[in-house]
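Grab a pencil and work through the exercises below at your own pace. Each one comes with a solution that goes step by step.

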Amino acid sequence: MKIALGQINVKQGQPTENLAAMREMIAQAKAERADLIVFPEMALSGYCLQDKWLDQDWCAYLESLNDELLALSQGIGILYGNLGTRPIGQAQRGRDGRPVRYNAAYFCADGQWVKRENSSLDGMYIKHLNPDYRVFDDSRYFLSGMEIAMRNQTPIEEGLRPFLFEKDGQTWRIGVEICEDLWSEDYALDVTDAYLKQDVDLIVNLSCSPWTLNKERSRDKRVRQHAASAQGAFVPLVYVNACGMQNNGKNVMVFDGDSTIYDEQGERQLSLNDQFEPECRIVSLHEREVLTRQPETKLMRALVSAIREFDKQMFSPKMKWIVGLSGGLDSSITSALLVYALGAQRVVGYNMASRYNSLTTKNNAKALAERLGILIREGSIEKIVDATVDTLQDYGYPQAEGLALENIQARLRGHLLSSFASMEGGVIVNNGNKVEAALGYCTLYGDAIGALSPIADCTKVQLFDLAKQINAAFGREIIPANLLPEMDGDRLIWEFPPSAELKDDQRDPMKWFYHDWLINQLTEYPGGRVEEIMNDYLQGRLQTSEIGRWLRYYGLDEPEAFIQDLEWVLRTMQGAVFKRIQFPPLILISRGAFGSDVREAQMRPEATKRYRQLREQILAMPKPC
């Protein structure tokens with residue numbers, strides 16, 4: 001069989017554009033004599049539509065587009081994802097009382113819906129495993145195939161019958177599944193195994209699966225697990241994923257494509273590009289060609305793709321991006337990513353110095369702008385700081401100092417950036433990183449503003465590596481070496497340590513490398529429990545792990561210091577929830593991004609009994625020699 005892998009850039013909420021892209025790929029597949037073309041999950045509408053799924057007219061419109069694809073199927077099989085709203089027996093309404101909705105795959109060929117073995121649902125498969133973790137909220141909107149079976153009091157297996165695809169006198173028994181159906185390890189139903197028990201010839205998985213760091217490794221591992229448990233009964237698995245960008249309001253998700261055919265051993269047999277770009281490839285089912293991967297540059301490619309697609313779908317192609325260009329690492333990286341994604345003419349940098357800004361960072365900002373070819377505007381905020389302090393005195397407040405003065409500077413920079421954006425007809429980019437967001441090391445309405453936060457799911461340590469990727473991509477030093485640390489034996493050497501530069505000799509309070517690791521542990525799905533970290537410390541596992549060197553470097557191998565630091569992090573993180581709630585949307589790259597991925601409530605948490613016991617035991621540990 002010749003299969004066309006239709007890896008399209010699925011644009012959320014734009015079915016006309018998506019249908020046009022599908023039509024173009026179908027024409028290519030027909031011209032190259034493909035038997036079947038496969039598109040991703042929710043290929044017409046996009047997956048991340050939030051409460052747009054509650055709009056009944058919109059849902060009816062999406063389903064009506066099935067007729068156009070049915071007409072296009074003359075001479076070829078077409079398998080694609082779309083919404084379903086047709087009542088199925090007793091499943092007439094969803095849990096919300098509105099007309100039923102479900103996430104479906106549609107299969108048509110030669111102007112007809114493809115038959116299914118012993119099933120009344122010809123031409124359609126309903127997703128059985130609806131994810132409700134992380135950014136996913138499927139059960140809010142869709143009934144699963146399992147729920148529909150239960151409402152109709154029919155065996156779940158009836159919804160898992162293979163499609164009977166006729167081609168050149170041969171009947172192909174094809175099992176169709178949608179995205180999460182493959183990730184069945186924690187569910188009561190294994191869709192893949194159910195198909196294998198029915199002697200299917202092929203399994204096809206339609207996905208709209210957001211990329212996160214090492215996602216491709218996790219998927220490869222999952223397919224190998226299915227193959228191993230099948231004990232020689234595994235069949236080729238065709239995985240077709242979306243590419244591009246979709247967002248849910250708080251998290252911008254990027255889709256890498258990486259559509260793949262896996263062989264009978266669960267190994268990659270053939271893969272399309274994982275460059276976050278569309279591709280239509282017609283392949284024979286047993287053709288072998290796995291592209292060479294470049295995982296060391298994938299973080300940069302993901303961020304660039306997300307910025308480019310977010311900009312393209314949200315804004316005018318001439319709109320300017322406004323950057324508060326301090327000359328530090330975060331703003332330098334953000335500026336470079338914007339230029340790489342959109343071009344230098346779309347980016348304007350503003351250096352807003354005060355008396356606390358060093359000559360190093362001011363020179364860095366100017367040199368960076370020259371290397372990137374962007375316009376930079378330079379000035380001082382001292383006059384408006386003084387005016388604000390004077391105005392506060394008019395209201396009876398004494399001379400502003402300490403944290404109050406620091407926050408005044410940050411908020412005034414936010415005010416100026418907003419004014420610059422208005423003058424330019426542009427939007428502000430946020431420069432914050434994940435550790436700053438976690439610890440609330442930012443000022444609301446100051447450096448916490450923006451239309452998009454490209455690096456807010458990247459720790460500082462990840463930014464060190466990202467800086468090297470950026471320099472390599474540009475072919476020259478863009479991010480200056482004086483912003484990156486070096487290791488000299490057991491010493492961490494900074495030419496210019498990270499600083500907010502809001503007072504004399506200020507240094508960021510973070511314990512870099514260790515706090516980066518700790519915050520990832522506390523936020524990463526399925527949820528980093530602080531008790532497990534404490535237990536690893538108590539048992540000595542933390543001290544002998546890779547992170548042990550940083551415990552020793554910061555003196556946290558001393559039990560009391562470890563507890564004091566841990567509780568400072570926990571207390572500070574919880575106290576900063578109100579800031580993160582108001583933070584701009586951020587690009588998701590980890591398994592624990594703030595926003596809709598890590599969902600937080602403002603509350604005073606109470607320590608568990610186990611936490612209190614572990615705390616006492618750690619404090620009773622002997623001090624290191």
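Before starting, one term: a residue counts as buried when its relative accessible area is under 20%, and as exposed when that area is over 50%. Also keep in mind that this is a predicted model.

**Exercise 1.** Work out whether I174 is buried or exposed, and find what surrounds it.

*Solution.*
- Step 1: Locate the residue. I174 sits in strand β8, which covers residues 170-178.
- Step 2: Check the cut-off. I174 has a relative accessible area of 0%, so it is buried.
- Step 3: Look for contacts, skipping neighbours within four places in sequence. I174 is then in contact with M1, L36, F107, P162, F163, F165, L202 and V204.
- Step 4: Compare sequence with space. D201 is 27 residues from I174 along the chain, yet their C-alpha atoms are 6.0 Å apart.

**Exercise 2.** Do the same for A437, and see how far away E157 lies.

*Solution.*
- Step 1: A437 belongs to helix α13, residues 434-439.
- Step 2: Its relative accessibility is 6%, so A437 counts as buried.
- Step 3: Leaving out neighbours within four places in sequence, A437 is in contact with A576, R580 and F594.
- Step 4: A437 and E157 are 280 residues apart in sequence, and from C-alpha to C-alpha they are 46 Å apart.

**Exercise 3.** Describe helix α12: how many residues does it have, and which of them are buried?

*Solution.*
- Step 1: Count and span. Helix α12 runs over residues 402-424, which makes 23 residues. From first C-alpha to last it reaches 33 Å, close to the 33 Å expected at 1.5 Å a residue.
- Step 2: Pick out the buried positions. These are L405, E406, I408, Q409, A410, L412, R413, G414, L416, L417 and A421.
- Step 3: Ask what covers them. The cover includes strands β16 (321-324), β17 (347-353) and β19 (427-428), along with helix α11 (382-394).
- Step 4: Look just past the end. There, G425 takes a positive phi of about 65°.

**Exercise 4.** How many disulfides does the whole structure have, and how far are C108 and C179 from the nearest cysteine sulfur?

*Solution.*
- Step 1: Recall the idea. A disulfide is a covalent bond between the sulfur atoms of two cysteines.
- Step 2: Set the cut-off. Two cysteine sulfur atoms must be within 2.5 Å to count.
- Step 3: Search everything. The whole structure turns out to have zero disulfides.
- Step 4: Check two cases. For C108, the nearest cysteine sulfur is that of C280, 15 Å away. For C179, the nearest is that of C208, 7.3 Å away.
- Step 5: Add burial. C108 has 0% relative accessibility, so it counts as buried. C179, at 8%, counts as buried too.

**Exercise 5.** Find which residues have the most contacts inside the largest nonpolar core.

*Solution.*
- Step 1: Start with a general idea. In soluble globular proteins, nonpolar side chains tend to be buried together.
- Step 2: Take the largest core. It has 141 residues, and those with the most contacts inside it are I37, F39, I333, L337, I470 and F562.
- Step 3: Zoom in on one. Not counting residues up to four places away in sequence, I37 touches A4, G6, M25, I26, A29, I76, G77, I78, L79 and C280.
- Step 4: Don't stop there. A second, separate core has 47 residues, including Y125, L129, F163 and V283.

**Exercise 6.** Both Q231 and D258 have a positive phi without being glycines. Decide for each whether it is buried or exposed.

*Solution.*
- Step 1: Q231 has a phi of about 50° and lies in the loop between α7 and β10 (237-241).
- Step 2: At 74% relative accessibility, Q231 counts as exposed.
- Step 3: D258 has a phi of about 60° and is found in the loop between β12 (251-256) and β13 (260-262).
- Step 4: At 1% relative accessibility, D258 counts as buried.
- Step 5: Look for a partner. R219, in helix α7 (residues 215-230), is in contact with D258, and also with L182, W183, Y239, Y262 and R268. R219 has a relative accessible area of 2%, so it is buried.

Note on methods:
Residues are numbered from 1 along each chain as its sequence is written. This is a predicted model: local features need pLDDT of at least 70, side-chain atom pairs count only at pLDDT 80 or more; totals for chains, interfaces and linings use all residues. Side-chain values use heavy atoms; hydrogens and water are left out. Helices (H or I, at least four residues) and strands (E, at least two) are DSSP runs, numbered from the N terminus. The expected span of a helix is 1.5 Å times one less than its number of residues. Buried means under 20% relative accessible area, exposed over 50%, partly exposed in between (1.4 Å probe, protein chains only). Contact means heavy atoms within 4.5 Å. A nonpolar core is a set of buried Ala, Val, Leu, Ile, Met, Phe, Trp, Tyr and Cys residues joined through side-chain atoms within 4.5 Å.
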